[in-house]
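Here's a quick tour for anyone opening this structure for the first time. We'll begin with the chain as a whole and then move to the ligand.

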Amino acid sequence: MEIFDSALSFLEAAGERLGTDKKEIGKLKKPDRVIELQIPVKMNDGSTKVFNGYRVQYNNARGPYKGGLRYHPRVNMDEVKALAFWMAIKCAVVDVPFGGGKGGVEVDPKKLTERELENLTREFARKLAPYIGPQTDVPAPDVNTNAKVMSWIVDEYSKIAGEFTPAVVTGKPLTLGGSKGREIATGWGGVVILREYAKKLAMKPAETSVAVQGLGNVGYWFAKSAYDLGFKVIGLSDSRGAVWSEGGFDPEEVLFHKKQTGSVADFPGRETLSEAQFFARKVDVLVPAALENAITEENAGRVRAKVIIEMANGPLTANASRFLIEKGIRVVPDILANAGGVAASYLEWRQNLDKQSWAEKQVLDRLEEIMTRAFDAVWELSQKEKIDMKLAAYMIAVDRIVRAMKQKES
Ligand code: NAD
């Protein structure tokens, strides 16, 4: 799979540049453990259906395995392995004390009733219970899973553990130990990176235009936080269309329009564009925050941004990324830019372990510290080594993971 091959090529490049022992890099090319489960589920019509479930525990040198659970018909072991590796790298880039993991079930959740989905999740949780726990492996929501799915897992796990154990997963509802600020966290974390990067490049917020592809959770909170810091948000899009205004938008008003009409398109008095036109417009900062592979070899040539901040996971294909960087466009990699999500998960876990509930401001301030420190480290290394930020981020992550692995062995 392209994502895993590309991640492994960065692992090798980072290892070579760091002068890391090849044996250590070799160890990081394979996960610690792969778990494959059969999940029999009682369906509403009385029949029993068996689903395939996976959990990959990639590396725990720096702390418990950490990563989401996705429900999707195309979930498979290869994909889960790649995503688990990515989580190990991401946690190390922002220096939160977690390793990497990922899991999922091969299922189309839209074809299940709520009750069937609950039966599936509870059975999956019972089967996963021997392998997960607050100090061993901490799942979270991912594609098609949410706070409700997490609450079923907490409930099943707590029954087996004999005590209420909210720290077994993150991304829970607030009433079950979820964290305030979680919804905002990924977008806000990305804007902290934007703010710090703009300072380094001497770009003043009021003179810096931003376009965000994908006005979902991440994209909206990115656009709103950037707007609140004084950046000029001039382009916004969703799966049904895009809107553009050189004068700028208030993202809250565009979201209101989207809620009324189902899309950002046709926002009154502004220009509606196609996806191709959106990517080809001149803008200072382009933020793909929708899905993977949004910018490929096909459309990369038309991009006229100065900076790209990867808020989605893998929104640039490896070739597109290489092409854009060679063209002089600065790319902030997803493993740094969207790591506010996992950093907020760490803060949720911390609150659960300490039996505390922090105010939203406390969560967002801690997040700001984590993201600023991570940005500074990546920026400084990229400047010192004269390399792009992606390779710098990989070098920092690989160095941290390998050092932890070696310390455990010695
Ligand atoms: P979401 O479902 O809330 O939002 C996705 C948005 O993208 C929707 O508004 C959708 O309309 C839009 N979209 C889909 N296809 C599009 C297209 N072709 N053009 C323009 N817009 C399009 O999802 P999200 O939680 O915001 O996640 C977005 C991305 O960020 C994903 O890649 C996800 O893996 C990544 N991510 C999310 C988090 C998090 O905390 N939610 C953390 C890290 C990374």
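Let's start from the outside: the protein chain has an accessible surface of about 17600 Å², and carbon and sulfur atoms hold 48% of that. Keep in mind that this is a predicted model.

Under that surface, 59% of the chain's 410 residues are buried. The fold is built from 15 helices and twelve strands. With a radius of gyration of 21 Å, close to the 22 Å that the globule rule gives for 410 residues, the chain is as compact as a globular protein of that length. Its C-alpha trace spans about 55 × 55 × 40 Å along the principal axes. Looking at contacts with a separation of 6 or more, 67% of them join residues 24 or more positions apart.

Now for the ligand. What sits around it? There are 20 residues, and Thr186, Asn217, Val218, Glu275 and Asn313 come nearest. By type, this shell splits into seven nonpolar, nine polar and four charged residues. Helix 6 (182-200), helix 7 (217-228) and strand 7 (232-238) each give at least two residues to the shell.

Some backbone atoms of the protein pair up with oxygen atoms of the ligand:

| Residue | Backbone polar atom to ligand oxygen |
|---|---|
| Valine 218 | 2.8 Å |
| Serine 239 | 3.2 Å |
| Alanine 290 | 3.4 Å |

How much of the ligand does the protein bury? On its own, the ligand exposes 830 Å², and the protein buries 71% of that.

Definitions and conventions
Residues are numbered from 1 along each chain as its sequence is written. This is a predicted model: local features need pLDDT of at least 70, side-chain atom pairs count only at pLDDT 80 or more; totals for chains, interfaces and linings use all residues. Side-chain values use heavy atoms; hydrogens and water are left out. A residue is near a molecule or strand if one of its heavy atoms lies within 4 Å of it. A polar contact is a pair of N or O atoms within 3.5 Å; within protein, one must be able to donate a hydrogen and the other to accept it, and residues adjacent in sequence count only if both atoms are side-chain atoms. Accessible areas come from the Shrake-Rupley method with a 1.4 Å probe; for residues, only the protein chains shown count as cover. Helices (H or I, at least four residues) and strands (E, at least two) are DSSP runs, numbered from the N terminus. Ala, Val, Leu, Ile, Met, Phe, Trp, Tyr, Cys and Pro count as nonpolar, Asp, Glu, Lys and Arg as charged, and the others, Gly among them, as polar. The radius of gyration is taken over C-alpha atoms; the globule rule is 2.2 Å times the number of residues to the power 0.38. Buried means under 20% relative accessible area, exposed over 50%, partly exposed in between (1.4 Å probe, protein chains only). Contact means heavy atoms within 4.5 Å.
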